[in-house]
Amino acid sequence: MRQLGLGHIGWLSRDEGPECRTVAWCDINAKKMADSAAKHPDIRMYTDYREMLNHPGLDAVVISAPNWVHAEQAIAFLEAGKSVFVEKPMGVNKAECDRILQAVKKTGLNFTVDFEMRTSPFAARIRELIDAGKYGKLRRIEFIHHRGCWLEEGNGIWRTRPEKSGGHFLMEPIHEVDICRYFAGEIKAVQTIAGPNVLDQYRFPDNLCSHLFFQSGVVATLLASHTHSGAIPWDEQNDPGKMRRQGHDMNMIFTFAGASIGVDFVHARIMTNIIEEYPKGSGGKRVVHQATEIIRDGDIHAFAHDIAAMRWTFIRRCGAGQPMVQDPVDIWKTHVVCLAAERSMIEDGRRIEIDYSLPAGVQ
C-alpha cells in the first residue's frame with residue numbers, strides 16, 4: 001500500500017496515517033483559509049480549486065463543496081489524474097451525472113460517492129440476515145424519515161433551490177434509494193406524490209411519499225418529511241432522547257415471508273418480529289416479538305452515518321489498488337432513479353419506468 005497525498009475541498013478534514021497525508025485544502029472563504037494556514041502551516045491552502053489541480057504530490061481529492069459544483073470539480077480533478085471522493089450527489093441533473101461517468105470511464109481513475117450506509121454496521125447486519133435466508137423471501141421495504149427543515153439562511157438557501165441542489169431526492173432520499181437498491185436489487189419503476197407545502201422557502205416539495213418497484217418483485221415505500229422535527233443544535237444531533245423529543249425519527253422495516261426486521265436509526269437498534277401461524281392449524285398468522293439488538297448504543301453516526309469511515313475506505317482502497325465499494329455505473333444508476341422519482345413527483349405521481357441507457361462512451 002502506498003501513501004496517498006490527499007486534498008480536501010470545503011470540509012477541511014485532516015486525514016493522516018500510513019495510508020495518506022493531507023497536502024492541500026481549498027475553500028473560497030479567504031479568511032477561513034488564512035486562519036487554517038496559521039494552524040496547519042504544512043498544508044497548502046487554496047481559494048480556487050483550479051489552482052489546486054496540479055499541486056505536487058496530490059493523488060486524490062475529497063469534494064465537500066455545494067452540490068452545483070460537484071460535477072465541475074470532480075471532472076476537473078479526474079482529468080488532472082486525481083482519484084475523487086465526492087459528497088452526494090454526483091451532479092444536479094442527468095447531464096452532469098453522465099459527464100462524470102464518462103470522465104471516470106475515460107480516465108480509469110478511482111471515483112466514489114459518500115453512500116456511507118453501504119459500509120455501516122447497520123447494513124452489514126441486515127445483509128447477514130438477508131443472506132442467511134432464515135426468514136424467507138424479502139417482500140417489502142419501508143423507510144420513514146422525519147427531519148428538521150432547511151432555513152432561509154446560510155447553506156439552507158441553496159439546499160432548497162433545485163437548480164443548486166438537484167431537488168429533494170438528490171438532497172437526501174438518495175441515500176434511502178441507494179440502500180434499498182443495495183438490499184433489493186434493481187428498480188424498474190418509480191411513483192412519487194407529495195402533499196401541499198407548509199415551508200414557504202422550499203422551491204420543491206417539503207414532503208414526499210415514493211414507491212420503488214423492483215425487478216425482484218419487492219416494493220419499497222419511502223416517506224420523507226421536513227415539517228415534524230424541531231431544530232436540533234449540531235452538538236445534540238447524536239442524542240437519541242433529544243432527537244425523539246423534537247420529533248426526529250428515522251426508521252426502516254424489512255418485511256419477509258416469515259418475519260419483519262425493524263431498524264431504529266436514532267437509537268441504533270434492530271428489532272426482529274416473527275410471523276407465525278396462530279392459532280395452530282387455523283391458517284391465520286400473528287406477529288410476535290423475537291429480539292432487539294443494540295448495535296452501537298444510540299450512536300446514529302457510528303451505526304449508519306459514518307462519513308469518515310466511508311472516506312477512509314476510499315483512501316485505503318486507492319492506496320492498495322483495490323476496486324471501490326460501489327461501481328461507478330451502480331452509483332450513476334442510483335442518481336437516475338432519484339431523478340425519475342423527482343420527475344414523477346413534479347408530474348403529480350405519474351409512474352415512470354427507469355431508463356438505464358448508458359451515456360455515450362460508457363460500456
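These exercises, each with a worked solution, explore a predicted model.

**Exercise 1. The nine-stranded sheet**

Find the order of the nine strands in the open sheet, then say which strands stand at the edges.

*Solution.*
Step 1. Read across the sheet. The order is β14-β13-β12-β11-β7-β10-β9-β8-β15. The pairing is mixed.
Step 2. Look at the edges. β14 (285-294) and β15 (352-353) stand there. Each has a single partner strand, so one side of each is left without a neighbour in the sheet.
Step 3. Check how β15 is attached. Two bridges join it to strand β8 (residues 187-193), and these strands run antiparallel. In this pairing, A189 stands opposite E353 of β15.

**Exercise 2. Helices on the sheet**

Work out which strands helix α5 touches and which strands helix α9 lies across.

*Solution.*
Step 1. Take α5, residues 121-132, which packs on the sheet. Helix α5 touches β11 (249-256), β12 (259-264), β13 (269-277) and β14. Its direction makes about 175° with that of β12.
Step 2. Take α9, residues 173-184. This helix lies across β7 (138-146), β8, β9 (207-214), β10 (219-225) and β11. Helix α9 runs at about 165° to β7.

**Exercise 3. The six-stranded sheet**

State the strand order of the open sheet of six strands, and say whether its pairing is parallel or antiparallel.

*Solution.*
Step 1. Recall the rule. Strands of a sheet pair through backbone hydrogen bonds, either parallel or antiparallel.
Step 2. Read the order: β3-β2-β1-β4-β5-β6. The pairing here is parallel.
Step 3. Find the edges. β3 (44-46) and β6 (111-113) each have a single partner strand, so one side of each lacks a neighbour in the sheet.
Step 4. Add the twist. From one strand to the next, the average is 20°.
Step 5. Zoom in on one pair. Three bridges join β2 (residues 20-26) to β3. C26 stands opposite Y46 in β3.

**Exercise 4. Unusual backbone**

Locate the cis peptide bonds at P89 and P279. Then decide whether A268 and D348, which have positive phi, are buried or exposed.

*Solution.*
Step 1. Start with P89. A cis peptide bond joins K88 and P89, with omega about 0°. P89 lies in the loop between β5 (83-86) and α4 (94-107).
Step 2. Move to P279. A cis bond joins Y278 to P279, with omega about -15°. P279 sits in the loop between β13 and β14.
Step 3. Turn to A268. Its phi is about 55°, although A268 is not a glycine. Its place is the loop between β12 and β13. The relative accessibility of A268 is 0%, so A268 counts as buried.
Step 4. Finish with D348. This residue is not a glycine either, yet its phi is about 60°. D348 lies in the loop between α13 (328-346) and β15. D348 has a relative accessible area of 74%, so D348 is exposed.

**Exercise 5. The nonpolar cores**

Which residues of the largest nonpolar core touch the most other members?

*Solution.*
Step 1. This core has 89 residues. F122, I126, M252, F254 and F265 touch the most other members.
Step 2. Ask which element gives the most. That is α13, with ten residues.
Step 3. Follow I126. Leaving out residues up to four places away in sequence, I126 touches F183, F254, I261, V263 and I270.
Step 4. Look for another core. A second, separate one has twelve residues, including L4, C20, F85 and W312.

**Exercise 6. Rings around F265**

Classify the aromatic pairs that F265 forms with F122 and with F143.

*Solution.*
Step 1. Choose what to read. A pair of aromatic rings is described by the distance of the centres and the angle of the planes.
Step 2. Count the pairs. The whole structure holds 13 aromatic pairs.
Step 3. Take F122 and F265. Their centres are 4.9 Å apart and their planes make 70°, an edge-to-face pair. F122 lies in helix α5 and F265 in the loop between β12 and β13, so the pair ties together parts 143 residues apart in sequence.
Step 4. Take F143 and F265. Their centres are 5.6 Å apart and their planes are at 15°, so this pair is stacked. F143 is in strand β7, 122 residues from F265.
Step 5. Widen the view. Ring pairs link F122, F143, Y182, F183, F254, F265 and F303 into a cluster.
Step 6. Add a charge. The charged end of R127 sits over the ring of Y182, 4.5 Å from its centre.

Methods. Residues numbered from 1 in each chain as written. Predicted model: local features only at pLDDT ≥ 70, side-chain atom pairs only at ≥ 80, totals over all residues. Heavy atoms only, no water. Pairing = 2+ DSSP bridges. Helix = DSSP H or I, 4+ residues; strand = E, 2+ residues; numbered from the N terminus. Contact = heavy atoms within 4.5 Å. Axes fitted to C-alpha atoms, helices over the stretch in contact; angles between N-to-C directions. Buried < 20%, exposed > 50% of the residue type's maximum accessible area, 1.4 Å probe, protein only. Core = buried A, V, L, I, M, F, W, Y, C linked by side-chain atoms within 4.5 Å. Phe/Tyr/Trp six-rings, centres within 6.5 Å; stacked < 30°, edge-to-face > 60°. Lys NZ or Arg CZ within 6 Å of the ring centre and 35° of its normal.
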